[in-house]
Amino acid sequence: LCASLISPNQSVFLDAGTTIFEVARKLENKTPHIVTNSLSIANHYAAHREIEVVVTGGVIYPRLQVLVGELAVKAFQSLSADIAILGGGGATQDGIMNSHMLLIDIQTAMIESAKKIVFCLDASKIGRHSFTPLCSWELVDVLITNKEAPKKLITHIKKQGVDVLLA
């Protein structure tokens, strides 16, 4: 569902994480220009001739297979994308949260440098508090989640102006 929001040849910021990796795998026929700090996504497209992938640089955080730190943040700050596809650790009435503090600055830079902001969160994360606040709903254009997400919270998110797509 998330891949359908991306038009051919668009520039795309792709966050790290397993959900975003699954989105990345479905983009091959769109020939996007990808910028990512995810080593998994970079490795997936390493031999693909039609897709340009820019890897941010930074320090490897092995547990998540992601590049973190000032180099990664500055890379996203210095570029622009048509769309950013992000994940998170939780979503409440107040907005999106993440459990990995090292990723907050990077995700914030993605949000500030992309024209359209899309979060892909499975239903288990909707209504779940996480460690660190990332952004309010007013910064989010689209939320993609499962039909099992709590209906009351989904209604609240829609009232915040977010397009909610249920997979």
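The following paragraphs describe helix packing, an aromatic pair and several individual residues in a predicted model.

Helix H3 spans residues 70-78, and its buried residues are Ala72, Val73, Ala75 and Phe76. Viewed down the axis of H3, these buried residues fall within an arc of 160°, so they line one face of the helix. The face of H3 turned away from the buried side carries Glu70, Leu71 and Ser78, which are exposed. The packing partners of the buried residues of H3 are three strands and a helix: strand S1 (11-14), strand S2 (33-36), strand S5 (66-68) and helix H4 (101-113).

The contact of H3 with H4 can be described in further detail. The two helices pack at an angle of about 5°, and their axes are 8 Å apart. H3 and H4 are therefore roughly parallel to each other, since angles under 35 degrees count as roughly parallel. On the H3 side, the residues involved are Ala72, Val73, Phe76 and Gln77. These meet Asp105, Ile106, Ala109, Met110 and Ser113 in H4. Sorted by class, the contact of H3 with H4 comprises 6 nonpolar, 2 polar and 1 charged residues.

Phe76 also takes part in an aromatic interaction. The structure holds 1 aromatic pair, formed by Phe13 and Phe76. The arrangement of this pair is edge-to-face, with a centre-to-centre distance of 4.9 Å and 80° between the planes. Phe13 belongs to strand S1 and Phe76 to helix H3, so that the pair links distant parts of the chain, 63 residues apart. Phe13 and Phe76 are both buried.

Ser113, in helix H4, contacts both members of this aromatic pair, Phe13 and Phe76. When residues up to four places away in sequence are not counted, Ser113 also touches Gln77, Leu79, Ser80 and Ala81. The relative accessibility of Ser113 is 13%, and Ser113 therefore counts as buried, the limit being under 20%.

Helix H5 (residues 151-159) likewise has buried residues, namely Leu153, Ile154 and Ile157. Seen down the axis of H5, they fall within an arc of 100°, so they line one face of the helix. On the face of H5 turned away from the buried side are the exposed residues Lys151, Lys152 and Lys159. The buried residues of H5 pack against strand S7 (90-92), strand S11 (142-145) and strand S12 (163-166). Just after H5, Gly161 adopts a positive phi of about 95°.

Positive phi values also occur at residues other than glycine. Thr31 is not a glycine, yet has a positive phi of about 40°. Thr31 is placed in the loop between helix H1 (18-25) and S2. With a relative accessible area of 24%, Thr31 is partly exposed. Gln65, again not a glycine, has a positive phi of about 55°. The loop that holds Gln65 runs between strand S4 (59-61) and S5. Gln65 is partly exposed, its relative accessible area being 34%.

Two further residues were examined for exposure and contacts. Phe131 is located in the loop between strand S9 (114-120) and strand S10 (132-136). At 59% relative accessibility, Phe131 counts as exposed. Not counting residues up to four places away in sequence, Phe131 touches Asn98, Ser99 and Met101. Phe131 and Met101 are 30 residues apart along the chain, and their C-alpha atoms are separated by 7.8 Å.

Ser136 lies in strand S10 and counts as partly exposed, at 27% relative accessibility. Its contacts, with residues up to four places away in sequence not counted, are Asp94 and Gly95. Between Ser136 and Val23 the C-alpha to C-alpha distance is 23 Å, and the two residues are 113 residues apart in sequence.

Methods
Residues numbered from 1 in each chain as written. Predicted model: local features only at pLDDT ≥ 70, side-chain atom pairs only at ≥ 80, totals over all residues. Heavy atoms only, no water. Buried < 20%, exposed > 50% of the residue type's maximum accessible area, 1.4 Å probe, protein only. Helix = DSSP H or I, 4+ residues; strand = E, 2+ residues; numbered from the N terminus. Arc of directions from axis to C-beta. Contact = heavy atoms within 4.5 Å. Axes fitted to C-alpha atoms, helices over the stretch in contact; angles between N-to-C directions. Parallel < 35°, antiparallel > 145°, perpendicular 65-115°, else oblique. Nonpolar A, V, L, I, M, F, W, Y, C, P; charged D, E, K, R; others polar. Phe/Tyr/Trp six-rings, centres within 6.5 Å; stacked < 30°, edge-to-face > 60°.
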